[in-house]
Amino acid sequence: MSTTAELLKGAAELFPDEVVTAAHVRHIDLPQGAGKFALITLDNGLDHTKPTTFGPQSLANLNTAVDQVEKEAAAGDIVGVGITGKPFIFAVGADLKGVELLKRHEDALAIGKGGHDVFKRLSGLAVPTFAYYNGAAMGGGVEVGLHCTYRTVSKALPAFSLPEVFLGLVPGWGGCVLLPNLIGADRAVSVVIENSLNQNKQLKGAQVHELGIADALFEGADFLEQSLIWTASVLKGDTEVVRAEIDRGAAWDEAVARGKAIADGKVHGAAPAAYRALEIIAAARNGDLQQGFDAEDQALADLIMGGELRSGIYAFNLVQKRAKRPAGAPDKKLARPVTKVGVVGAGLMASQLALLFARRLEVPVVLTDIDQARVDKGVEYVHGEIDKLLLKGRVNQDKANRLKGLVSGHLDKAAAFGDADFVIEAVFEEMGVKQKVFAEVEAVVPEHAVLATNTSSLSVTEMASKLKNPERVVGFHFFNPVAILPLLEIVRAEKTDDASLATAFSVAKSLKKTAVLVKDAPAFVVNRVLTRFMGEIQNVIDEGTPVTVAEKAVEPLGLPMSPLVLLELVGPAIGLHVSETLNGAFPDRFKVSPNLAAVVKAGKRGFYVHSAENPAEPELDPEVAALLEQGDTVLTEEQVRDRVLDAVAQEIGLMLDEGVVAEAQDIDLCLITGAGWPFHLGGITPYLDREGVSERVTGKKFLAPGVASVPA
Amino acid sequence: MPRTARDVVFVDGVRTPFGKAGPKGIYHETRADDMVVKCIRELLRRNPDLDPATIDEVALAATTQIGDQGLTLGRTAGILAGLPQSVPGFSIDRMCAGAMTAVTSIAGGVSFGAYDIAVAGGVEHMGRHPMGEGVDPNPRFVSEKLVDQSALFMGMTAENLHDRLPHLTKQRADEYAVRSQEKAAKAYANGQIQADLVPISVRRTNAEAGETGWGLATADEPMRPGTTLENLAGLKTPFRPHGRVTAGNAAGLNDGATASLIAAEDVARELGLPVKMRLVDFAFAGVEPEVMGIGPVPATEKALAKAGLTIDDIGLFEINEAFAVQVLSLLDHYGIADDDPRVNQYGGAIAFGHPLASSGVRLMTQLARQFEEQPHVRYGITTMCVGFGMGGTVIWENPHFEGNK
């Protein structure tokens, strides 16, 4: 047995539940009499909804296939070797479940080395090798092809990426080394760093060809046939494959620097993966592949044993799996059909909701407001947005006509909502106003209609308390911008019944939102955590720490934006309002900052002034600086960070004790999808656990070992 | 408004390699629609001067229009092949003569002026759609003795033909079959077949059928080169004890697809498309269903009469070899020798296979190539028998004809 085979056998024992990919070898006669050819098909035996992955046994299978074709190639029995995938899927890389199970650095190293050892054999055969990217190719799937002599790609290929950095890894089976040596460092940085950090952006087949990763592009209908005809022509010398010359000069350094700037912009140095990948890309300039592969192995093993990757996989599983099966949601069979939606209010938020409901549910949506001018303005806004979609080609004329036809306005609630199944209110955030609106709506809607509120901080239970049927009321809390942020906090009030709640979850699914069930507690999840977090920043500023120190203190977390920039986005007035609500509920933990109140009173939109020359580094607005009344307690960045993280950990601990959500996982899912908190933090609780904050504050970790960390 | 009939030409034709139907056949896991789609795409690739948007119609035949052969295949295959949505299509059925009827129907439309250029072809995946799948014959056929009970079983109709023409012995049928295999092998060796084949990717997940994974079909699977009379003598006669029809002197059960481009001659010339054959005339005729193999005789008589030609004018014959006896019956009718060199020069369905509704265009593609090779020949025919007692014959003129030198 070869050492590679032994290595993989050992790894396979650690991962007994691997979904094993077979590597079938089939011999064909190439067209044009080009000779006998061995075609390897990667296939896990399941349909396209279960994409082919590489675990240790799968790699061992490929290794065995290569043993066979290597002999045939050496004996002159075949003229070439090809590799392709099952229908619609090439291969989507390493099996993450296997990665999660790894406990020891040496095992992680073995997985990296095992992949390299198998894949690189494809470049050392006595005959040329060809990869045919027929369908989705990611990570190790992309990489196995990079080891081949030539590549073709299908125009129908929907997704091609090296997503490792997105998760917290490096492309570790050749991607960091081979890609820059194939298409140059700049394009490699785009694929490995830029796309990956841009929410794991996928390339389409034509782009894979344009980038020079594939030598030929063929349409999906007869992709494999045309690839094999092309192969025959290459092998016979009738087609010459010409690739662009790679610039190994200054362009290489510039590319790496560009990659670093992208990484800084996204993770602010807080997650190591992108930087490790860039180091390897930088070194790959000398063309020494083996040296690069060794560096990949080392980086892979280090990252696999690190908290950022474990958090990344945890976060990935939250958004991929938990988001699809909301914890605590009632049986979906209880959900009632929603064939018409009512929206109370025709302001900006209400109009955005109307647009979203119309686009996703494709049922009539009626807006109401207190006067005709407001109603008209709301409808006009929605129609205008539909026109923009039409202009951008996102919908065609027929669809635009249909959507516009769905959205109307009415002054008379009885006429508007008489046959509505779901009515959402987005009126002024004041209990009395909302109670009055709900009472009016209840009087006119059918008995089964669900009444939903988009309140961000008021008690849904109290809002429902004056109704005849309070069991029909749910909280339906969207995040701004509504069209972009996936999170929807669905609030179960004291009397909400299962059918209404099930209907709310069903609507959320149709809206393509990530629904999380939350208890009717002040500010629910995201606003409560964010307000506590920002409140603590505000506290230290109020006590005397300079604004820049307070801001810099949380930079190592790699949040999408600094606290005060976030405040600007939310709007200081809204921030103040939420802090007042939470202060009312929990006065000991949530203060109302007099400085923030002063800023709001002065009508300032934020703390900073933004200059066109340097948009990334805004300066403190001197007018705001003049308003600030600070104490004389000056903390260091580290002290600030500790205070802020302690506060967040305390709040999350209390929220879990109160049962605001089912588990810490839901808090992380909310923060990822509602606040854009990063994967490398796993939302936040994995980070608080691994930094020791949760134990310091609450006496225990939020998550069991192995959930978002190296298993014990 | 007076009309002038236009000359209709066969521009080009291609086919998939034919496969053996059944779990071990190369196409067992391949969809029928994909097969014909790939033929259409190959036609477009081979004729880059043809703007796909100018195709006026897609007529595709299948006998069993169910599942991947249903859903108005002419339309759906056009979309799957990437033709513009403006190109319409329809499905057509005349059992074995499906593709032939697709060509003649289109030809009628071209001649009339309704079409300038169109796609005509057919597909039959007899593995996915065995003969008789889903049929529901009217009980009156039997109760009123409208047809003999054997009429629905093609092998039995071939035995009936042997009965009618007892001098067409099993020996002669077997000898004919051996020659068909020999001629087919020779045509392959000369590269006369492969040039019009479209390679088809074929997936196999059943290890009992052979190597698994993706493969490529590049040659006809049913071929049995080296077949001898001795091999054939011992074969079973499945349709009748001590009968004459065997798997060796008949075409098998097969999977395959074909497609052709049919155009008005002036349009083809204007677009610079090849003109491989010129349509002279065609005819279909009915016979007693229980001896359907005799169908080509009246069909050929009718077509020749309409064209004002006699059998002596025909220099090349492409006769579908559903059964050897059926070929022999036509030759016998005209006093042509069993081994006449003008007949099925590349061999026939006994060697290549006969995926019912696709075969008509295979005959045409082969005749077209023979025309090109033999400019001294002016006329040729493609002819075939059809289930339920029919025959079809198309007479073609060789545009490469150099005159009676």
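## Exercises on a predicted model

**Exercise 1.** Determine how far helix 7 (residues 175–183) of chain A is covered, and by what.

*Solution.* Helix 7 of chain A is mostly covered, with seven of its nine residues buried. The model is predicted, and the criterion for burial is 20 or more other C-beta atoms within 10 Å of the residue's own. The residues of helix 7 that meet it are A:Gly175, A:Cys176, A:Val177, A:Leu178, A:Leu179, A:Pro180 and A:Asn181. These buried residues pack against four elements of chain A: helix 5 (140–146), helix 8 (185–197), helix 12 (273–283) and helix 13 (289–304). After helix 7 comes A:Gly184, with a positive phi near 90°.

**Exercise 2.** Describe the side of chain A that touches chain B.

*Solution.* Begin with the contacts: 19 residues of chain A meet 16 residues of chain B. Next, assign elements: strand 1 (22–30), strand 2 (35–43) and helix 10 (223–235) of chain A each give two or more residues. Strand 1 of chain A supplies the largest share, six residues. Finally, by residue class, this side of chain A holds nine nonpolar, four polar and six charged residues.

**Exercise 3.** Analyse the open sheet of eight strands in chain A and identify its edges.

*Solution.* The strand order is 12-11-10-13-14-15-16-17, and the pairing is mixed. Strand 12 (407–409) and strand 17 (514–519) of chain A each have a single partner strand, so they stand at the edges with one side lacking a neighbour in the sheet. From one strand to the next, the twist averages 25°. Within the sheet, strand 13 (residues 422–425) and strand 14 (residues 450–453) of chain A run parallel and are joined by four bridges. A:Val423 lies opposite A:Leu451 of strand 14.

How values were computed:
Residues are numbered from 1 along each chain as its sequence is written. Chains are lettered from A and ligands numbered from 1 in the order in which they are written. This is a predicted model: local features need pLDDT of at least 70, side-chain atom pairs count only at pLDDT 80 or more; totals for chains, interfaces and linings use all residues. Two residues are in contact if their C-beta atoms, placed from the backbone, lie within 7 Å. Ala, Val, Leu, Ile, Met, Phe, Trp, Tyr, Cys and Pro count as nonpolar, Asp, Glu, Lys and Arg as charged, and the others, Gly among them, as polar. A residue is buried if 20 or more other C-beta atoms lie within 10 Å of its own, exposed if 12 or fewer, and partly exposed in between; C-beta atoms are placed from the backbone. Two strands pair if DSSP finds at least two bridges between them. Axes are lines fitted to C-alpha atoms, for helices over the stretch in contact, and angles run from 0 to 180 degrees between N-to-C directions.
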